[in-house]
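Subject: A structure to look through

Dear colleague,

I am handing over a structure for you to open beside this message. Please keep it in view while you read, since my notes follow below.

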Amino acid sequence: MLTYEQALNNFSEKFHASKAKTLTGRDLIPGGFSRRTFNYGPHAVFVERGDGQYVKTIEGHRLLDLNNNFSTNIVGHNHPDIVNAITDMMDKGFSFGNPTDHELELANLLSDRIESVEQVKFFCSASEACLGAIRIARAYTGKTKIAKFEGGYHGFADDLAVSAHPNPSNFPGPDKKPRSLPDSDGIPSYKVDNIVTLVQNDFEACEKILRSHSQDTACVIMELQSGAGGVVSLDKTFVAKIRELTHELGMVLIVDETMSLRASTGGLQKLYEVKPDLTVMGKMIGGGLPIGAIGGSREVFSVVEANQVMVSGTHHGHPMACAAGIACLNVMDEAAFDKINGMAERIKTELNSWAEANNIPFIVYGSFSILGYALTREAGQNITTHRDYWHKIDEKKMSIYALEMATRGYYPVHRGQIGLMLPMTSEDITGYIETTKDIVSAIYHC
Ligand SMILES: Cc1ncc(COP(=O)(O)O)c(C=O)c1O
């Protein structure tokens, strides 16, 4: 049986230099590094470089990068087309007080691919784009409150960092009427009071909540498959009903595709056949460079065109990020999406049939090339809401799995997510599947 203490020891021994760097880094940066999400068990794993589907750690170990910067690097590290695009731009200058063609070209690519996107506005991160989207929604509707889902993540800003990953032990209210909870100290209560919190995959509950707030709610912002708050896929008919209801109640529907845009050329909304008013994008559309964007209908964007809404920043539409994004999207054609989604299907099918056949409390779930995995308390579980996630997972076992996977050369997102990259091979996938079976068996000593 593999215990937490053993897994932790194996991990800290293998990544000893990273452990030391985390500790010394704390003198300079609170926590040792800028992103809280880097924490992997007791410390981060520092990398020296990336190549294709792998990263090389500062200890010299090669890891299959199932994190890929939390889903950003879909085409792999250092893809030659992206390297060329950036190098070409570097020759011309880094940033200007003038627009460049790159911004228009990336906007054109996105509006060609995504049916609901007629116009696009760029930012430096998806957190910023989410803020822009709710400001536009408020200006367009003249209403103030924002409805979001418990378990939905839309960046770290005060206005939206509410109930993204609340632990049930924090008393988040009844299952059908969640209480909005701040995700951080320092978020004023008036921000939290502005959030109407909804329940994933429970239309009856959502309808009741939204109707009771219809007079003052500007928009519903949602992920079709949540990620950072814990992976949960929404049901297609549930999403269709929310679309219908938001139309009826005069609320703007914002679909946050920061991660899920990697589902197809037209994003996950294409597979769900849903047409939001605004779409938030980020991660892969910058090819690995910082970016965020809002796409949407001319009708809703009219408040921006008329200059009623100010959404603007020094680096918005940065030419380098736009050039990298264009190169990335051009690599991601239909065949590339088929390949990467096919690898995800294989992982799901093989690991779930293995777990089912052996009555092992382990599942892989979700759609497209971002999957959730869970070591659960009982076998044969489904995860359909954020609370389901908390109630059903065995947190300690999840940690053992992630630590040991990293020790053995596979680097998932430790909260229970893996993302695939285009250059991954069938040998990589076989290695991932077999290593998972080995570790999960050792954890449950079966
Ligand atoms: C769905 C979603 N929205 C917004 C964000 C925030 O993006 P950024 O980190 O670029 O600000 C993220 C980041 O993980 C995300 O997954």
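Which residue in β12 does G282 stand opposite? Before the answer, please bear in mind that this is a predicted model. G282 stands opposite G292 in β12, and the two strands concerned, β11 (residues 278–282) and β12 (residues 292–296), run antiparallel and are joined by 5 bridges. As general background, the strands of a sheet pair through backbone hydrogen bonds, and they do so either parallel or antiparallel.

Both of these strands belong to an open sheet of 7 strands, whose order is β4-β12-β11-β10-β7-β5-β6 and whose pairing is mixed. At the edges of this sheet lie β4 (119–123) and β6 (195–198), each of which pairs on one side only. If you follow the sheet across, the twist from one strand to the next averages 20°.

There is also an open sheet of 4 strands, in the order β1-β2-β3-β15, again with mixed pairing. Its edge strands are β1 (47–51) and β15 (410–411), each pairing on one side only. Within this sheet, β2 (residues 54–57) and β3 (residues 62–65) pair in the antiparallel sense over 3 bridges, and the bridge partner of K56 in β3 is R62.

Turning to the helices, α6 (residues 126–141) and α11 (residues 298–305) pack at an angle of about 95°, with their axes 9 Å apart. Angles of 65 to 115 degrees count as roughly perpendicular, which means that α6 is roughly perpendicular to α11. The residues that meet are I136, A139 and Y140 in α6 and V300, V303 and V304 in α11; by class, this contact has 6 nonpolar residues, with no polar and no charged ones.

Helix α6 appears again around the ligand, where it gives the most to the shell, with 3 residues. Of the 16 residues around the ligand, those that come nearest are S125, A126, S127, G155 and T258. The shell as a whole divides into 6 nonpolar, 8 polar and 2 charged residues, whereas the contact of α6 with α11 has no polar and no charged residues.

Finally, for the overall layout, the chain is divided into domain 1, made of 1–49 + 394–421 + 441–446, and domain 2, which covers 80–331. The C-alpha centres of domain 1 and domain 2 lie 30 Å apart.

With best wishes

Technical notes: Residues numbered from 1 in each chain as written. Predicted model: local features only at pLDDT ≥ 70, side-chain atom pairs only at ≥ 80, totals over all residues. Axes fitted to C-alpha atoms, helices over the stretch in contact; angles between N-to-C directions. Parallel < 35°, antiparallel > 145°, perpendicular 65-115°, else oblique. Contact = placed C-beta atoms within 7 Å. Nonpolar A, V, L, I, M, F, W, Y, C, P; charged D, E, K, R; others polar. Domains from an automatic or database assignment. Near = placed C-beta within 6 Å. Pairing = 2+ DSSP bridges.
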